[in-house]
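Here are a few exercises to work through with the structure open beside you. Try each task before you read its solution.

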Amino acid sequence: MNIQKKPIVLIGFMGVGKSSVGKILATKLKRKWIDMDQTIEQKFDMNVETIFHTYGEKTFRETERKFISQFLRQSSTVISTGGGSFLQMDVQKKCMEKGFVIFLDITWDSWKKRLPLLKNRPLLQGKSEQDIKELFFSRKSIYSSHHLKIDTDGLNINEIADAIFQKLK
Ligand code: S3P
């Protein structure tokens, strides 16, 4: 698959492994790794949870949009997005035009085992399992814009990065 130096954009639901996989993949491909949530946290000097509680989701999304457009101008990168960035149609469109978008997919049964590890995600806090399940399935449609999909069920972080690496060779 020839994607030249286009930015690789990793998308998918919260906690699927976009950051961990992005970091490994960037090393394998000798590209620069950019983590959207980390970048936003550095700008505000607070974690995502505190940004949501202090400034609200709208401010978070505006910042996310601004940084993604900026980073899409750089070549030879791997960008780990936050799971909600594709809620913004213009972000989806730009990423599809300028980048190579890889969707890390996971089934609900595999994902829900990770739920106890995701206590710092503001959109999951105070929600019942049923609410979270609905959010999980409602997000599927935003991830339908992609160039490559990787089924991550049963794969660890290294195996996911390797599966992508093999496809890009
Ligand atoms: C969000 C996902 C989070 C983070 C924020 C909102 C979402 O990133 O950006 O909590 O709306 O799906 P991860 O996908 O890395 O958990």
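**Exercise 1.** Work out how helix 2 and helix 4 are arranged in this predicted model.

*Solution.* Start with the pair itself: helix 2 covers residues 36–44, and helix 4 covers residues 57–72. Their axes are 10 Å apart and meet at an angle of about 115°. Angles of 65 to 115 count as roughly perpendicular, so helix 2 is roughly perpendicular to helix 4. As for handedness, helix 2 goes past helix 4 in a right-handed crossing.

**Exercise 2.** Find the residues that helix 2 and helix 4 use to meet, and sort them by class.

*Solution.* On the helix 2 side, look for M36, T39, I40 and K43. Across from them, helix 4 brings F60, T63, E64, F67 and I68. Sorted by class, this contact has five nonpolar, two polar and two charged residues.

**Exercise 3.** Now do the same for helix 4 and helix 5: how do they pack, and which residues meet?

*Solution.* Helix 5 is made of residues 89–98. The axes of helix 4 and helix 5 come within 10 Å and cross at roughly 10°. Angles under 35 degrees count as roughly parallel, and therefore helix 4 and helix 5 are roughly parallel to each other. In helix 4, pick out R65, I68, S69 and L72; their partners in helix 5 are V91, K94, C95 and K98. The classes here come to four nonpolar, one polar and three charged residues.

**Exercise 4.** Which residues surround the ligand, and how do they divide by class?

*Solution.* Walk along the chain and you pick up M14, G15, K18 and S19, then D37 and V48. Keep going to G82, G83 and G84, and finish with R121, P122 and L123. This shell divides into four nonpolar, five polar and three charged residues.

**Exercise 5.** Decide whether K30 and D45 are buried or exposed, and check the sign of phi for each.

*Solution.* Take K30 to begin with. You'll find K30 in the loop between helix 1 (18–29) and strand 2 (32–35). K30 has 7 other C-beta atoms within 10 Å, and a residue with 12 or fewer is exposed, so K30 is exposed. Its phi is positive, about 55°, although K30 is not a glycine.

Next comes D45, in the loop between helix 2 and helix 3 (48–55). With 8 C-beta neighbours inside 10 Å, D45 counts as exposed. Phi of D45 is near 55°, again a positive value in a residue other than glycine.

**Exercise 6.** For S110, K112 and R139, say how exposed each one is and how far its C-alpha atom lies from that of a partner elsewhere in the chain.

*Solution.* S110 sits in helix 6 (residues 108–112). It has 14 other C-beta atoms within 10 Å, so S110 is partly exposed. Its C-alpha atom is 9.7 Å from that of V16, though the two are 94 residues apart along the chain.

K112 also belongs to helix 6. K112 has 14 other C-beta atoms within 10 Å and is partly exposed. The C-alpha atoms of K112 and I132, 20 residues apart along the chain, are separated by 9.1 Å.

Finally, R139 is part of helix 7 (residues 129–139). R139 has 17 C-beta neighbours inside 10 Å, so R139 counts as partly exposed. From R139 to G84 it's 55 residues in sequence, and 8.3 Å in space, C-alpha to C-alpha.

Key. Residues are numbered from 1 along each chain as its sequence is written. This is a predicted model: local features need pLDDT of at least 70, side-chain atom pairs count only at pLDDT 80 or more; totals for chains, interfaces and linings use all residues. Axes are lines fitted to C-alpha atoms, for helices over the stretch in contact, and angles run from 0 to 180 degrees between N-to-C directions. Helices (H or I, at least four residues) and strands (E, at least two) are DSSP runs, numbered from the N terminus. Angles under 35 degrees count as roughly parallel, over 145 as roughly antiparallel, 65 to 115 as roughly perpendicular and the rest as oblique. A crossing is left-handed if the near helix is turned anticlockwise from the far one by less than a right angle, and right-handed if clockwise. Two residues are in contact if their C-beta atoms, placed from the backbone, lie within 7 Å. Ala, Val, Leu, Ile, Met, Phe, Trp, Tyr, Cys and Pro count as nonpolar, Asp, Glu, Lys and Arg as charged, and the others, Gly among them, as polar. A residue is near a molecule or strand if its C-beta atom, placed from the backbone, lies within 6 Å of it. A residue is buried if 20 or more other C-beta atoms lie within 10 Å of its own, exposed if 12 or fewer, and partly exposed in between; C-beta atoms are placed from the backbone.
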